[in-house]
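Hi,

Here is the structure I said I'd pass along. Have a look at it first, and my notes follow below.

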Amino acid sequence: QVQLVESGGGLVQAGESLKLSCAASGRTFNAYTMAWFRQAPGKDREFVAAISWNGGSTEYDESVKGRFTISRDNAQRSVNLYLEMTSLTPEDTALYYCAADRVAGRAPSSALRSSFDPGYWGQGTQVTVSS
């Protein structure tokens, strides 16, 4: 059974930091590109960051570049994906989703965002940033 379970969301003040986690199991997710997306109230779901299966390539949306860091731990039986968020602003308030690519073994590249085709989603974790 495929499961992507996010955790770590919460309510913080502007300027503070938060680290999200996602535990992915049920597939050999250590061979999948993975990503974080977010959806703010009344807006479409948007890309935040992606990381190649081996962690060697990452890509970020311009709105979070320099503030967020995506990483992964493939050592465990279930893959753990992380999103470290710093200098948070109210504009970062959203439901954050973990996602895995539809296919395994996609070659690490600088074009992760354009090649990423989400096939698996978590249920989301809420991040709220107060001003």
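I started with the charged pairs, and the count comes to 7 salt bridges. Bear in mind that this is a predicted model.

Three of the pairs are worth opening in your viewer. Glu46 and Arg38 meet through their side chains, at 2.7 Å from N to O. Arg38 is buried, with a relative accessible area of 6%, whereas Glu46 is partly exposed at 35%.

Asp92 and Arg67 form another salt bridge, at 2.8 Å from N to O. This pair links distant parts of the chain: Asp92 lies in the loop between β8 and β9, Arg67 in the loop between β6 (58–60) and β7, and they are 25 residues apart. What about burial here? Asp92 has a relative accessibility of 1%, and because buried means under 20%, it counts as buried. Arg67 counts as buried too, at 18%.

The third is Asp101 with Arg106, where the closest N and O atoms are 2.5 Å apart. Asp101 is buried at 0% relative accessibility, while Arg106 is partly exposed at 24%. On top of that, salt bridges with shared partners tie Arg38, Glu46, Arg67 and Asp92 into one network.

Now the nonpolar side. The largest core has 30 residues, and those with the most contacts inside it include Leu4, Phe29, Trp36 and Tyr96. At least two core residues come from each of β3 (18–25), β4 (34–39), β5 (46–51), β7, β8, β9 (94–101) and β11 (125–130). Phe29 is a good place to zoom in: leaving aside neighbours within four places in sequence, its contacts are Val2, Leu4, Ala24, Met34, Arg72, Val79, Ala100 and Tyr120. There is also a second, separate core of 7 residues, with Phe37, Phe47, Ala99 and Phe116 among them.

Last, one of the sheets. Four strands make an open sheet in the order β1-β3-β8-β7, with antiparallel pairing. β1 (3–7) and β7 (68–73) are the edge strands, each with a single partner, so one side of each has no neighbour in the sheet. From one strand to the next, the twist averages 15 degrees. β7 pairs with β8 (residues 79–85) over 6 bridges, in the antiparallel sense, and Thr69 sits opposite Glu84 in β8.

Shout if you'd like to go through any of this together.

Cheers

Notes:
Residues numbered from 1 in each chain as written. Predicted model: local features only at pLDDT ≥ 70, side-chain atom pairs only at ≥ 80, totals over all residues. Heavy atoms only, no water. Pairing = 2+ DSSP bridges. Axes fitted to C-alpha atoms, helices over the stretch in contact; angles between N-to-C directions. Core = buried A, V, L, I, M, F, W, Y, C linked by side-chain atoms within 4.5 Å. Buried < 20%, exposed > 50% of the residue type's maximum accessible area, 1.4 Å probe, protein only. Contact = heavy atoms within 4.5 Å. Salt bridge = Lys/Arg side-chain N within 4 Å of Asp/Glu carboxyl O.
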